Amino acid sequence: MCIRDRSENVFTGITLLNPGTEPALISLEVFTASGEKKGFTLREIKPSEKRALLLSEWIPILTDQLGGFVRVRSNVQIQGFELFGSHQYLAAVPRLIIAE
């Protein structure tokens with residue numbers, strides 16, 4: 001997975017959608033390829049709300065990381081989508097359903 005924002009014109013975008021009727025309390029964590037936690041955020045996503053942000057907007061402390069992984073957790077079922085690319089390419093990870 002590419003996790004580099006604002007550097008070498010490479011970006012990672014994360015979209016989270018709460019299709020339910022209850023608020024979703026989500027945690028989003030970013031790790032290096034070796035498993036070191038680099039940042040996290042806690043957010044609430046209201047029912048029927050969608051949040052689409054660059055990874056560096058979800059977690060502003062991230063400035064220059066290439067590789068690693070993202071872990072999303074929620075207290076209710078939500079859906080997620082990842083998009084990454086640059087001015088030369090664009091790639092998407094298929095929609096994921098994130099369960100409680």
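Before I start, a polar contact here is a pair of N or O atoms within 3.5 Å, where within protein one atom must be able to donate a hydrogen and the other to accept it, and where residues adjacent in sequence count only if both atoms are side-chain atoms. With that in mind, please look at Ser-86, where a polar atom of the side chain lies 3.0 Å from the backbone nitrogen of Gln-88.

I should say early that this is a predicted model, in which local features need pLDDT of at least 70 and side-chain atom pairs count only at pLDDT 80 or more, while totals for chains, interfaces and linings use all residues. Residues are numbered from 1 along each chain as its sequence is written, and side-chain values use heavy atoms, with hydrogens and water left out.

Let me stay with Ser-86, which is found in the loop between strand 6 and strand 7; strands (E, at least two residues) and helices (H or I, at least four) are DSSP runs, numbered from the N terminus. Is Ser-86 buried or exposed? Ser-86 counts as buried because its relative accessibility is 15%, and the cut-offs, with a 1.4 Å probe and protein chains only, are under 20% relative accessible area for buried, over 50% for exposed, and partly exposed in between. If we leave aside neighbours within four places in sequence, Ser-86 is in contact (heavy atoms within 4.5 Å) with Asn-9, Val-10 and Phe-11.

The two strands on either side of that loop form a hairpin with 4 residues between them. Strand 6 and strand 7 pair, in the antiparallel sense, over 7 bridges, and pairing requires that DSSP finds at least two bridges between two strands. As one example, Leu-83 has Ala-92 in strand 7 as its bridge partner.

These strands also bring us to the largest pocket, whose volume is about 170 Å³. A pocket is found on a 1 Å grid over the protein atoms alone, as an open set of points where a 1.4 Å probe fits, with protein on both sides within 12 Å along at least five of seven lines, and lining residues have an atom within 4 Å of a point. Of the 13 lining residues, Ile-14, Val-72, Phe-81, Glu-82 and Leu-96 are the closest to the centre of the largest pocket. Which strand gives the largest share of this lining? That is strand 7, with 4 residues, although strand 1 (11-17), strand 5 (69-74) and strand 6 (78-85) each supply at least two as well.

Now to strand 5, where the covered face holds Val-70, Val-72 and Ser-74, and the uncovered face holds Phe-69, Arg-71 and Arg-73. In a regular strand the side chains alternate between the two faces of the sheet. Val-70 counts as buried because its relative accessibility is 19%. Strand 5 runs antiparallel to strand 2, to which it is joined by 6 bridges, and Phe-69 in strand 5 is the bridge partner of Phe-31.

Just after strand 2 comes Thr-32, in the loop between strand 2 (24-31) and strand 3 (37-45). The side chains of Thr-32 and Ser-34 are joined by a polar contact of 3.0 Å, and Thr-32 counts as buried because its relative accessibility is 15%.

My last residue is Ser-48, in the loop between strand 3 and strand 4 (50-54). Ser-48 counts as exposed because its relative accessibility is 61%, and its phi is near 65°, a positive value in a residue other than glycine.

Notes
Grid points are joined across faces, edges and corners, and a volume is the space filled by probe spheres set on the points.
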